[in-house]
Amino acid sequence: MDLSINNTVGAAVALQQYNADQSAQMSLLRQSLDTQGAQIAQLMESVGDAPKLASVGSVGTQLNTYA
């Protein structure tokens with residue numbers, strides 16, 4: 001075999017391995033993001049609604065602040 005053919009085959013094999021590694025890493029990243037998304041959704045549900053702005057009176061009708 002010619003040296004350039006060997007180099008081409010070697011590069012193709014290396015690229016296949018690289019693509020397989022990238023695919024595995026992407027799968028792990030997706031799983032991690034899905035888990036984080038589920039946890040954030042659960043946390044947001046547990047917080048509940050924010051207090052409403054007062055509609056009458058001089059206190060709480062202009063600015064809604066709470067800790």
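**One helix, no buried residues**

Okay, so of the 67 residues in this chain, 0% count as buried, where buried means under 20% relative accessible area, exposed over 50% and partly exposed in between, with a 1.4 Å probe and protein chains only. Bear in mind that this is a predicted model, where local features need pLDDT of at least 70, side-chain atom pairs count only at pLDDT 80 or more, and totals for chains, interfaces and linings use all residues. Residues are numbered from 1 along each chain as its sequence is written, and side-chain values use heavy atoms, leaving out hydrogens and water.

What is the secondary structure of the chain? One helix and zero strands, taking helices as DSSP runs of H or I of at least four residues and strands as E runs of at least two, numbered from the N terminus.

That helix, α1, covers residues 3-47, and Val47 sits in it. Val47 is exposed, at 59% relative accessible area. Right after α1 comes Gly48, and its phi is positive, near 85°.
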